[in-house]
Amino acid sequence: MTAQDALTFHRPPREYPPAVPSERLRIAPPPTQPPPPHTSIIQLLFPVIGGVGLVGFAIVYRNSMFLIIAGAMIMLLLLFSIGMRWSQKRQVRKRAADDARRYAKYLRERDNELADAGELQRGALARLYPDPGRLWTQLVKRANVWERRPDHRDFLHVRLGTGNVPLDRDVELDLGMNPLADYQPHSLQEARKLVERRQTLRGEAVVVDLADVGVLAVTGDRERARAWTRTLMNQLAAWRAPHDLRLLTAFDPDHAEAWEWGKWLPHQRVDPNVPGRFLFARSVAELDALLEPELRPRLEQLRRIAEADVRGRDVPLVAPELVVILDGYRPDHPANELPAFRELLLRARELKAVLVLLTDSREHE
């Protein structure tokens, strides 16, 4: 991008992807177990009493035909009692099955609703935090380039990588406050599985807000750390204009090839409108020479704000965000002797800055 391009590049009003519904989705509790059929003592004794009465009647009249009829009636009453009991149990099971079927339909509807919310969130993440390959394609096409302004809530949101992220729409299984409720086990299990399955999106962009991070350490294999940091630089330069965000890289001259590609980013120019001078520090002296003019106005503003004793409201610094990347940091790094660098270590966010330190091991953080 030439200097003239930087001057004439048109930044249209920002377009946002469709938002995920914000209201909490409460899953209704599953149906309770229907009460078992009630059997009273009278129901149990009815066939016995009736049978005993018939047998007694037959014995009194000494009529064998009555005795046969009494025996048959006893059997019919027993069969009727058993049949009525079975019918009652069948009705209970049928009612429980109908309730479970209706609840399963309800869960499918909520599942589809949550699936739609998940697709909206996946689309938003793919649009706002694409993978590095797709990001480069968007840059070439100048699609949505420099769309984020300093007053946007996500101005310093960046993609770390991929992983499990929570669904933006809260979902909750509402089991109520009754500890004695006896829910149907299968329906309760399906409801819990639905909440567990849908409340997390897997393999999506993991996003953090650098505005909450003053100093960021990138540890591990140096080549991988450099590759990740270059991806971070691409993200920062893709969505933010060079007048809103500055990039400064400090590195050993032996590793210049890994960093000097940044000359193609107007964010790494000493003056975004003038090509030729870049925010590259190949030595501690160069780092001091680049940091001091960047931090001096910010420190002066902080001093004036403190002297004005402004209370009750947040007074922001009038300065672009500054992202400083130091390759090969260690506890005894000579940059620690620089007053400007020490200020950055201690007061990065106060100075509207983020310091990214590439170090070999976590012990050096």
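Visitor: Where do K94 and D98 lie, and how far apart are they in sequence?
Guide: K94 and D98 are both part of helix α3, 4 residues apart, which is about one turn of the helix. Keep in mind that you're looking at a predicted model.

Visitor: What makes the meeting of K94 and D98 a salt bridge?
Guide: The cut-off is 4 Å between a side-chain nitrogen of Lys or Arg and a carboxyl oxygen of Asp or Glu. For K94 and D98 the N to O value is 3.5 Å, so the pair counts as a salt bridge. In general, side chains of opposite charge can pair when their charged atoms come close.

Visitor: Why does D98 count as buried or exposed?
Guide: Buried means under 20% relative accessible area. D98 has 19%, so D98 counts as buried.

Visitor: And K94, what does its relative accessibility make it count as?
Guide: K94 has 44%. Partly exposed covers what falls between the 20% and 50% limits, so K94 counts as partly exposed.

Visitor: Let's stay in helix α3. How do you know whether L76 is buried or exposed?
Guide: L76 sits in helix α3, which covers residues 64-128. Its relative accessible area is 53%, and exposed means over 50%, so L76 is exposed. L76 also joins M73 and L79 in making a nonpolar surface patch of about 290 Å².

Visitor: How many salt bridges does the structure hold?
Guide: There are 35 salt bridges. One of them pairs R24 with D170, where the closest N and O atoms are 3.9 Å apart. That value is within 4 Å, so the pair makes the cut.

Visitor: Why can you say that R24 and D170 tie together parts that are apart in sequence?
Guide: Look at where they lie: R24 is in the loop between α1 (3-8) and β1 (25-27), while D170 is in the loop between β2 (157-166) and β3 (171-173), so the pair ties together parts 146 residues apart in sequence.

Visitor: What are R24 and D170 called on the buried-or-exposed scale?
Guide: R24 comes out at 43% relative accessible area and D170 at 41%. Those values lie between 20% and 50%, so R24 and D170 are both partly exposed.

Visitor: How do you know whether R148 and D154 are buried or exposed?
Guide: R148 has a relative accessible area of 0% and D154 has 9%. Buried means under 20%, so R148 and D154 both qualify as buried. R148 and D154 also form a salt bridge, with the closest N and O atoms 3.9 Å apart. Salt bridges that share partners link R14, R127, E147, R148 and D154 into one network.

Visitor: What about R298, buried or exposed?
Guide: R298 has just 1% relative accessible area, against a limit of 20%, so R298 is buried. R298 lies in helix α7 (residues 284-308). Leaving aside residues up to four places away in sequence, R298 touches L317, A319, P320, L322, L351 and K352.

Visitor: Now the sheet. In what order do the 5 strands come?
Guide: The order is β5-β11-β10-β6-β9, in an open sheet with parallel pairing. The edge strands are β5 (215-218) and β9 (280-281), since each of them pairs on one side only. As a rule, strands of a sheet pair through backbone hydrogen bonds, either parallel or antiparallel.

Visitor: What makes β6 and β9 count as a pair?
Guide: Two strands pair if there are at least two bridges between them. β6 and β9 have 2 bridges, in the parallel sense, so they count as a pair. At this pairing, A250 has A281 in β9 as its bridge partner. β6 also pairs with β10 in the parallel sense, over 6 bridges, and the partner of L245 in β10 is E321.

Visitor: What makes you say β6 is mostly covered?
Guide: In strand β6 (residues 245-250), 6 of its 6 residues are buried. L245, L247 and T249 point one way, R246, L248 and A250 the other way, and all are buried.

Visitor: How many bridges join β10 to β11?
Guide: 6 bridges join β10 (residues 321-327) to β11 (residues 353-358), and the two strands run parallel. Within them, V323 stands opposite V354 in β11. Helix α8 (residues 339-347) lies across β5, β10 and β11, at about 100° to β11.

Definitions and conventions:
Residues numbered from 1 in each chain as written. Predicted model: local features only at pLDDT ≥ 70, side-chain atom pairs only at ≥ 80, totals over all residues. Heavy atoms only, no water. Patch = residues over 30% accessible without salt bridge, like charges linked within 9 Å, V, L, I, M, F, W, Y side chains within 5 Å. Areas by Shrake-Rupley, 256 points an atom, 1.4 Å probe, with all protein chains shown as cover. Buried < 20%, exposed > 50% of the residue type's maximum accessible area, 1.4 Å probe, protein only. Contact = heavy atoms within 4.5 Å. Axes fitted to C-alpha atoms, helices over the stretch in contact; angles between N-to-C directions.
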